[in-house]
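Grab the model and work through these exercises on helix ends, odd backbone angles and empty space. Try each task before you read its solution.

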Amino acid sequence: FGIVAALLIAQPDFGQTMLIALVWGALFFMAGMSWIWIAAFGAIGISGMLTAYVMFPHVAGRINRFVTGDGDNYQVDTGIQAIQNGGWLGQGPGEGTVKNILPDSHTDFSFAVAAEEFGIIVCMLLVGIYAFIVLRGLLKSMSERDSYVRMSAAGLVLLFGFQSLINIGVNLKLLPAKGMTLPFISYGGSSMLAMAIGMGFML
């Protein structure tokens, strides 16, 4: 974990670092480790986030804009506008207009585009599908007797779930903006390939 996190921070890519840390922490918890260890690693994680906030201006800028609402929030605000424009049933396939002025509408904000064109109801269905995949994967992993298989399957499905959660949270302005794709929806060859390999391993 330390090696992977160091390589990601060196890029720097704190979104992926946090994603991997969440999965690793969840597996650490599922392995039945002592609460003392969990608290210790939680404290290290919080310290790492504070360090990133202090040392990297772009991280501080994103967090400040999220907390205060001041500064350049064009991308997130336009995403919210697209979601509102779609309403419950959407404008229809290809009929979205806000998406034309939404940066990264094909990648980071594909959920907002889906909401504008297909409506909130379809987006709720999409969230339900993601939740079903995660819960089904976790239930299946719990039934495995081999601890390696159990932890591996759980980790892969949690990676899928946390990435979905972060992307949707950013689109709904519940989390600070972070360039992270929506699994199997966002455009992007490397992301699609990586997610397909991960879910293939899980299966």
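**Exercise 1. Look at what follows H4, then describe the helix itself.**

Just after H4 comes Gly-69, with a positive phi near 80°. Before going on, some ground rules: this is a predicted model, where local features need pLDDT of at least 70, side-chain atom pairs count only at pLDDT 80 or more, and totals for chains, interfaces and linings use all residues. Residues are numbered from 1 along each chain as its sequence is written, and side-chain values use heavy atoms, with hydrogens and water left out.

Step one is the span. H4 (helices being DSSP runs of H or I with at least four residues, numbered from the N terminus) has twelve residues and covers 16 Å from its first C-alpha to its last, close to the expected 16 Å. The expected span is 1.5 Å times one less than the number of residues.

Step two is burial. Val-59, Ala-60 and Gly-61 are the buried residues of H4; buried means under 20% relative accessible area, exposed over 50%, and partly exposed in between, with a 1.4 Å probe and protein chains only. Their cover includes H2 and H3.

**Exercise 2. Find the residue that caps the N-terminal end of H3.**

Ser-34 does the job: one of its side-chain oxygens sits 3.1 Å from the backbone nitrogen of Ile-36. The helix that follows, H3, has 21 residues and reaches 30 Å between its end C-alphas, close to the 30 Å expected.

**Exercise 3. Track down the unusual backbone spots in the loops.**

Start between H1 and H2, in the loop that holds Pro-12. The peptide bond joining Gln-11 and Pro-12 is cis, with omega about -10°.

Now move to the loop between H7 and H8, where Lys-173 lies. Lys-173 isn't a glycine, yet its phi is positive, about 60°. With a relative accessible area of 40%, Lys-173 is partly exposed.

Phe-184 is in the loop between H7 and H8 too. Its phi is positive at about 65°, again without being a glycine, and its relative accessible area of 37% makes it partly exposed.

**Exercise 4. Is Ser-164 buried or exposed, and what does it touch?**

Ser-164 belongs to helix H7 (residues 147-171). Its relative accessibility is 3%, so it counts as buried. Skipping neighbours within four places in sequence, Ser-164 contacts Tyr-130, Leu-182 and Pro-183, where contact means heavy atoms within 4.5 Å.

**Exercise 5. Describe the largest pocket and the largest cavity.**

First, the terms. On a 1 Å grid over the protein atoms alone, a cavity is a set of points where a 1.4 Å probe fits but cannot get out; a pocket is an open set with protein on both sides within 12 Å along at least five of seven lines, and lining residues have an atom within 4 Å of a point.

The largest pocket has a volume of about 1,300 Å³, volume being the space filled by probe spheres set on points joined across faces, edges and corners. Its lining counts 41 residues, with Phe-14, Thr-17, Met-18, Gly-45 and Met-49 nearest the centre. H1, H2, H3, H4 and H7 each supply at least two of the lining residues.

Next, the cavity. There is one of 30 Å³ or more, and the largest cavity holds about 40 Å³. Leu-182, Pro-183 and Phe-184 are among the residues lining it.

Technical notes. Polar contact = N/O pair within 3.5 Å; in protein donor to acceptor, adjacent residues only side chain to side chain.
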